[in-house]
Amino acid sequence: MWYNGFLDLSAWQLLAVTLLMTHVTIVSVTVYLHRYSAHRALELNAGLKHFFRFWLWLTTAQNTREWTAVHRKHHAKCETVDDPHSPVIKGLSTVMRKGAELYREEARNPDTLRIYGKNCPEDWIERNLYSRYKLGGIALMAVIDLLLFGTIGITIWAVQMMWIPFWAAGVVNGLGHAVGYRNFECRDAATNLVPWGIIIGGEELHNNHHTYPNSAKLSVKRWEFDMGWAWIKLFSLLGLAKVQRVAPIAHRVAGKGQLDMDTAMAILNNRFQIMAQYRKLVIGPLVKQELARVMAPCVISSAVPSACCHAKPACWTTAITCTSRPCSSTARRCAPSTKSAWHCNRSGRAPAPTATICWPQSRTGYMKPKPAASSRYAISLPS
């Protein structure tokens with residue numbers, strides 16, 4: 001029937017075609033706009049570049065120079081008031097809901113285009129078609145979808161129009177600076193959303209990208225997957241792309257026992273990997289060891305004679321007062337090992353307990369007693 005379009009596809013076929021077309025849009029953004037145009041991490045064949053430009057004009061109305069300039073400024077001014085779309089500054093909700101509007105607002109800034117929009121296409125077709133008739137592409141796409149898929153084509157067109165504003169401008173630029181995990185402590189709040197970058201073509205690995213922005217490959221760990229990198233490898237195999245830069249890798253040179261310029265450069269270029277390993281192998285175990293030491297109880301194994309005054313166990317923040325006078329409030333605050341310990345007896349004198357367990361303080365008071373620690377925590381008080 002005429003309302004099913006020229007292709008007359010089933011529901012499952014329409015879903016598959018929609019996902020295929022949106023994936024081509026994602027590849028165009030991550031490979032062409034992002035890794036090639038903004039960061040020059042690779043070179044692309046002229047025909048492939050023009051296909052990406054044409055497809056982005058049809059599906060996003062996105063101008064290459066504007067997108068490149070806004071993204072470069074984002075990296076240069078990340079998490080500052082000059083960042084075009086920082087959720088740290090503008091709020092996560094604002095970036096998620098108005099990510100595309102923030103792009104368009106910054107793209108109207110002539111200083112941004114002048115400073116950050118260099119080395120972008122300025123040929124005849126860019127000036128007279130793509131830039132001059134920005135909305136002409138998406139209008140043409142609407143007509144094509146209606147002709148090919150019938151009345152459902154308008155729904156397919158709507159999905160195409162929202163795909164990049166939602167996933168790239170919203171999810172990556174918003175959630176990619178708010179939730180997820182971090183492989184590296186880069187200077188901004190960028191995070192990896194998930195280890196497998198499939199839906200957004202590898203852009204999910206945002207922390208990796210902000211650590212090595214000029215790398216054509218966004219995955220770093222063995223368990224991470226970058227769909228955009230898979231396409232780049234395919235294009236390279238077909239002679240349509242050439243990788244320029246990836247994240248640096250330090251190699252161990254057997255027998256080398258002195259520091260030279262090559263070693264210094266390797267450390268400098270690979271500093272994020274080195275610091276990540278230092279955090280994992282040195283800082284992490286030390287923090288766990290210190291926490292275990294602080295949270296463990298210490299046991300006063302010897303009797304506290306009545307003559308001692310201000311004997312302070314290592315785990316206690318207040319001196320324990322024990323004199324011939326009635327028990328002080330500081331003494332009664334220490335959690336005893338027996339019910340009667342540190343309570344005044346009938347004569348008004350403090351008894352000498354044989355074992356008293358002092359527990360670390362918490363914000364709300366004193367923590368619940370735990371089983372007595374082993375003998376290595378025992379502290380003998382002087383007489």
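This briefing walks through one bent helix and some of the salt bridges in the structure. Keep in mind that you're looking at a predicted model. Helix H5 takes a bend of about 85° at Lys-98, and the structure holds eight salt bridges. Some of those bridges sit inside a single helix, like the one between Glu-101 and Arg-104 in H5, while the one between Lys-134 and Glu-66 ties helix H8 to helix H3.

**Helix H5 and its neighbours**

- H5 covers residues 92-107, and Lys-98 is where you'll find the bend of about 85°.
- On the buried side of the ledger, H5 has Val-95, Gly-99, Ala-100, Leu-102, Tyr-103, Glu-106 and Ala-107.
- Those buried residues pack against four helices: H3 (64-76), H4 (87-90), H6 (110-116) and H9 (153-174).

**A salt bridge within H5**

- Glu-101 and Arg-104 pair up through their side chains in a salt bridge, at 3.9 Å from N to O.
- The cut-off for a salt bridge is 4 Å, so this pair makes the list.
- Both residues belong to H5 and sit three residues apart, or about one turn of the helix.
- An α-helix has 3.6 residues a turn, so residues three or four places apart point the same way.
- Glu-101 is partly exposed, at 40% relative accessible area, and Arg-104 is partly exposed too, at 48%.

**A salt bridge between H8 and H3**

- Lys-134 bridges to Glu-66, and their closest N and O atoms are 2.5 Å apart.
- Lys-134 is in helix H8 (residues 134-149) and Glu-66 is in helix H3, so this pair links parts of the chain that are 68 residues apart in sequence.
- The two ends of the bridge have different surroundings: Lys-134 is partly exposed, with a relative accessible area of 28%, whereas Glu-66 is buried, at 17%.
- Buried means under 20% relative accessible area, so Glu-66 at 17% falls in that class.

**H6 and a salt-bridge network**

- In helix H6, the side chains of Arg-114 and Asp-111 meet in a salt bridge, at 3.3 Å from N to O.
- These two are also three residues apart, which puts about one helical turn between Arg-114 and Asp-111.
- Asp-111 counts as partly exposed, with 41% relative accessibility.
- Elsewhere, Arg-53, Asp-123 and Glu-126 are joined into one network by salt bridges that share partners.

Notes. Residues numbered from 1 in each chain as written. Predicted model: local features only at pLDDT ≥ 70, side-chain atom pairs only at ≥ 80, totals over all residues. Heavy atoms only, no water. Bend = angle between axes of the 7 residues up to and from the residue. Buried < 20%, exposed > 50% of the residue type's maximum accessible area, 1.4 Å probe, protein only. Contact = heavy atoms within 4.5 Å.
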